[in-house]
Every structure is written in structure tokens, then in C-alpha cells.
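Colleague: Could you take me on a close look at the part of this model that you find most worth a walk-through? I'd like one connected account, with the cut-offs spelled out as you go.

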Amino acid sequence: MTAVGTPGSDGTGSSGQGVRTFGVEEELLLVDPDTGEAVPLAGALLEGHRPAGAPDPSAAVGPFLTAEFQQEMIEVVTPPHSAMATLEADIIAGRSLADSAAREVGVRVAALGTSPLPCDPHPAQLRRFAAMTEEYGLTAREQLTCGCHIHVSVESAEEAVGVLDRIRIWLPVMIALSANSPFWHGEDTGYASYRSQVWNRWPSAGPLEILGTPEAYHQLVHDMVSTGVAMDEGMIYFDARLSRHYPTVEIRIADVCLRPQNTVLLAGLARSLVETAAREWREGVPPPAVPTELLRLAGWKASRWGLRGDLLDPHTSRPTQALAVVNSLLGYVREALEDAGDLARVEELVDDLLYAGTGSSRQLEVLHRTGYLADVVADAVNCTVWVP
């Protein structure tokens, strides 16, 4: 993954000098426009659209495309932004760029967390991916999932770990808001986000414990790699982690969203979460001492039901109506949203999501209406690049 969202010249917001910068990585499926099946054409697609040299999001002037683990998917990366409106424009532009590139090789892109139709993925032809496939067996061979990763700038490693310690209880809500993967190998799984279930097969994935200091964070990463179970630091798949290359916190728990507006919502919430947590860290407010085991259960429940059922309350870990939990999140980050000028837009996007439903709900509705998973994919293609 390429890290994005490095601090801009306007400051990061934690010192009161502007707002934090943020950027987004979206993984998209490559699909046959007629059958809806995922197709392994990432190499051909990227051949004419790869930036010269190693892409650096902090220097990019617009979104660009990169390769991913499987050849049935590509990643769209935005440069860092200070304003939600300009990030939204780049998210839309990036999806359009990806779809135009896909059309050139006879396919389309679809913002789906998993392929609705059965697929036998093809790993990208890189030595590291071949080693992962050999080491992790079926977990790696079946790992065709598309997520949304949001990077938010931080001022120091100390602040970053303070943020990780305080946002961890809210991350399952991001699964529920982004849920967009109800199908797996042609079957309705009963989950709103089955991608979460597949992703958590990786031994290094999941929520973090409270760590307190950068030294504790880096010691944990070192110890995990030293076991040999995680091949390298790139395989430290925490729900949120420190970027290895840029001064950002990367929130990586969400499905890729069906509609670009939902990605914008996640990004706005992510930035406000980081800012709110950083303020608490500076003020000495202790992080909520919710056990990691309960956070795993909260993530499972969000994955199972999305917004269609109860979630676990972030503080009490008791079943609570999903709308109430979403409202609690909005209340928690409200001041940061107001300070960034994002409150009205985020509230509008939340209302829109609650009215229209998640991507998972829409996929299921299309299947129930048409009876064909190919129609689910076709609808997803339209939603990926369509803006009302």
C-alpha cells in the first residue's frame, strides 16, 4: 500500500494552525462488463498508466493508480488534501481515471468489497506476493478483497500512538458505515461486510491493545515480525496503524464504499476522529480501557449486521441500536468537524447513507429484484463512477 496524507504547509490542526491533511486509498475490482466476473488484467491496465518512478502521493497533483496483491484489482491513491471538497473531487476523479484505464483493456472497475461471483484470484507477479502465497496457503490464494484506507497527518510519533490508543473503540463503527461485501464465491454470506471476515484470517490483522508510547508500538511490531508469522512490517495489518513512510495514522478497517460520497464521509469522520483523539491525548484524557477481545466482538457484530442491526456501544460493549452508535460517534467528533468546517457536509452525508443504505444493502436489493449476481456487478459499476 502507498501511504498518503502527509502534512501540508497549512499545519495539521493539532496546534490550531489549520487542519490536518488527509488522503484515501481505494481498492477496486476489475470486472468483465458482460459476465460480471473478476478478471486478472491489472498488469495490462497499469502498463500505460503507471507514473514514472515510485509514486509519491505528497508530490502528486492528482489521483494515480497502483498495483495490488491480486491481478483482479487495482488501487486508486489520492494526494493529501486539507479540504473535504477537494478530496471529494479527487476521489471521483480517481475512480473515473481507473474506469477509463479499465475500458482500454476491455473491462470496468467496481467498488465492491468482495466479488459477488466466484473467482480464482491470480497474485501479482512479484517475489514478495509469491512468498506470501507459499507461506499462507488458502488465506493468501483466496484474498481477493477491496478495502478503503484513510491516512490522516500527525505531528509526532507520540501523538500518533496517543491517537491509536483513543480511536480504537470507534473503528468497528467504520465497518458498519462502509459495509459493502455481502457475497462470497457466489453465495449470500449473511454478513454485511464479509470482507472483514476474510481479511481477519491474516494472523497479524485486527485491533490493537493500548500501547501508550511509540517505543511500545515499535517493540510490538518488532516482536510480531520476529516470530516469523508476519513476514515483514508490511504485513502488520492492524485496524489502524502508523505509516512506515509518512507521518500519518492509517485507518484501514473499512470496506471500499460503493459510492464515492460514502468514501468522503469515512474520510471526514476519520480526520475528525484523529483530531479529537489528539486533543484528548494532549489534555491527558486517558484512553477508554476496552479489552481488545471485546473490540474483536464489536468488529464481528458490525461485520455481521452493518447498520441493519445492533452494534456494540463503544464504551459499554453492550448491544445498542446502530443509529444510536452512529450518533454517539458524531457527538464525539462534533467539535473537530465544526473546527474543520466539515460538520454540515458530514451530517448531510450521514443522512444520505442512512436513507439510501450501505453498499451491502444495495447489492442485496439488486439481487432480490433481478435474481442475477451479474446484475449486482453491473449496478456496482454504475455506482462506482456515477455522481448524482
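Modeller: L242 stands opposite V249 in β9, and that pair is a good place to begin. The model is a predicted one, in which local features need pLDDT of at least 70 and side-chain atom pairs count only at pLDDT 80 or more, while totals for chains, interfaces and linings use all residues. Residues are numbered from 1 along each chain as its sequence is written, and side-chain values use heavy atoms, leaving out hydrogens and water. Helices (H or I, at least four residues) and strands (E, at least two) are DSSP runs, numbered from the N terminus.

The L242 and V249 match belongs to an antiparallel pairing of β8 with β9 that has three bridges; two strands are said to pair if DSSP finds at least two bridges between them. Five residues lie between β8 and β9, and the two strands form a hairpin. β9 (residues 248-255) also has a partner in strand β5 (residues 147-153), to which six bridges join it, and these two run antiparallel. Within β9, T248 is the residue facing S153.

How much of β9 is buried? Eight of its eight residues are, so the strand is largely enclosed by the rest of the structure. Here buried means under 20% relative accessible area, exposed over 50%, and partly exposed in between (1.4 Å probe, protein chains only).

V249 and I251 are on the list of residues that touch the most other members of the largest nonpolar core, along with I150, I167, Y217 and L269. That core has 64 residues; a nonpolar core is a set of buried Ala, Val, Leu, Ile, Met, Phe, Trp, Tyr and Cys residues joined through side-chain atoms within 4.5 Å. Helix α9 (residues 260-283) supplies its largest share, 10 residues. Y217 deserves a closer look: beyond its neighbours within four places in sequence, Y217 is in contact with V161, L164, L208, L211, F238, R241 and L242, contact being heavy atoms within 4.5 Å. L242 is thus both a contact of Y217 and the residue opposite V249. There is also a second, separate core of 37 residues, with I74, L112, V377 and A380 among them.

Y217 brings us to helix α8, where the buried residues are P214, Y217, V221 and M224. Viewed down the helix axis, these fall within an arc of 100°, so they line one face of α8; the arc is that of the directions from the axis to the C-beta atoms. On the face of α8 turned away from its buried side you will find the exposed residues E215 and S226. The cover over the buried residues of α8 includes α5 (157-167) and, once more, β8 (240-242). The length of α8 (residues 214-226) is consistent too: at 1.5 Å a residue its 13 residues should span 18 Å, and the end C-alpha atoms are 18 Å apart, which agrees. The expected span is 1.5 Å times one less than the number of residues. After α8 comes G228, whose phi is positive, near 85°.

Back around β5, two cysteines are worth a glance. No disulfide turns up in a search of the whole structure, a disulfide being a pair of cysteine sulfur atoms within 2.5 Å. For C146, the closest cysteine sulfur is in C119, 10 Å away and too far for a bond. C148 is in no disulfide either, with the sulfur of C257 as its nearest, 5.5 Å away. C146 counts as buried at 0% relative accessibility, and C148 is likewise buried, with a relative accessible area of 0%.

For a companion to the β8 and β9 hairpin, look at β2 (residues 64-67) and β3 (residues 73-77), which pair in the antiparallel sense over four bridges. A hairpin of five residues joins them, and L65 has V76 in β3 as its bridge partner. A67 lies in β2 and is partly exposed, with a relative accessible area of 38%. A67 and A42 are 25 residues apart in sequence, yet 6.8 Å apart in space, C-alpha to C-alpha.
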